[in-house]
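Here is a short report on charged side chains that pair up. Look at the model first, then read on.

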Amino acid sequence: MRLTPLRRSGLLASAAMAAVATLALATTSLAQPDAPVTDDPRATAYLNNVDINHPDACTVGGLTGSTIHPNLFDYSGGDNELHLNITGLSRLPEGMTVTGIVVKGGPVFNVYLADKLGATLPWEKLRAPLKDNGNGSDISHWYGCGIKDTTTTTTTTTTTTTTVTQSSTPSSSSSTTTTTTGASSSEVAPTTTTTAAVVPVANEDDLAATGFGSAWMLGLGAALVAAGAALVLVMRRRRV
């Protein structure tokens, strides 16, 4: 069957279009590989070219915080090896809490959230997603993510000041020492205090009121003096 030139041109055009469509489909398949797969139940695999300097480095896969450089971890394995083992966090900044680890291999990476890794170290055999052939992939690079505690603790100190005031005038005490002549130095003679009795003085009015007066005594005295003088005069005359 002989084809006319027009029909031959149409067939060639259809074949060319089919070839272009096939090539485009193949190119798309190569440019967009299948979703990454991981054999680690602690991880979730993602397709992206993320790294420690990427703006979304610690926002993918449920991560939070800021990036933590590998040098701040104690670890073994890592870059260019199949596994990463994190053994310590002693070099992390004070107050920093790890929220997860990102392990990348080629154009895919695994996200390990801290709660899936557990609270106890070491975190062993962290790895990148599998290759298309199902084999493990070498780690191209990895990093951590973490948040820093910004809680400020305020400590209030109460200072109690005790003021002691000393008087400029020294206190003085007085003592009285009584020395008794003839007493032993170890003995102190008792002090006896004598109080003079108060003798009441009789009032003349009181005496008169009892019927006893002093006038008769004066008269008696005068009579006795006169008698004595007379007796002396008589005795002188007899001697003459």
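Buried means a relative accessible area under 20%, exposed means over 50%, and partly exposed lies in between. Asp 40 is buried by that cut-off, because its relative accessible area is 4%. The model is predicted.

**Salt bridges**

The structure holds 4 salt bridges. Three of them appear in this table, with the gap between the closest N and O atoms.

| Pair | Closest N and O atoms |
|---|---|
| Asp 39 and Arg 127 | 3.0 Å |
| Arg 42 and Asp 40 | 2.9 Å |
| Arg 127 and Asp 40 | 3.6 Å |

**One network**

Asp 39, Asp 40, Arg 42 and Arg 127 are linked in a network of salt bridges. Arg 127 pairs with Asp 39. Arg 127 also pairs with Asp 40. Asp 40, in turn, pairs with Arg 42.

**What the network joins**

Start with Asp 39 and Arg 127, whose closest N and O atoms are 3.0 Å apart. Asp 39 sits in the loop between α1 (5-31) and β1 (43-47). Arg 127 sits in the loop between β7 (123-126) and β8 (141-148). The pair therefore ties together parts that are 88 residues apart in sequence.

Now take Arg 127 and Asp 40, at 3.6 Å. Asp 40 is in the loop between α1 and β1, and Arg 127 in the loop between β7 and β8, so this pair ties together parts 87 residues apart in sequence.

**Buried or partly exposed?**

Which label fits Arg 127? Arg 127 is buried, with a relative accessible area of 17%. Asp 39 is partly exposed, at 42%. Arg 42 is partly exposed too, at 23%.

Technical notes: Residues numbered from 1 in each chain as written. Predicted model: local features only at pLDDT ≥ 70, side-chain atom pairs only at ≥ 80, totals over all residues. Heavy atoms only, no water. Salt bridge = Lys/Arg side-chain N within 4 Å of Asp/Glu carboxyl O. Helix = DSSP H or I, 4+ residues; strand = E, 2+ residues; numbered from the N terminus. Buried < 20%, exposed > 50% of the residue type's maximum accessible area, 1.4 Å probe, protein only.
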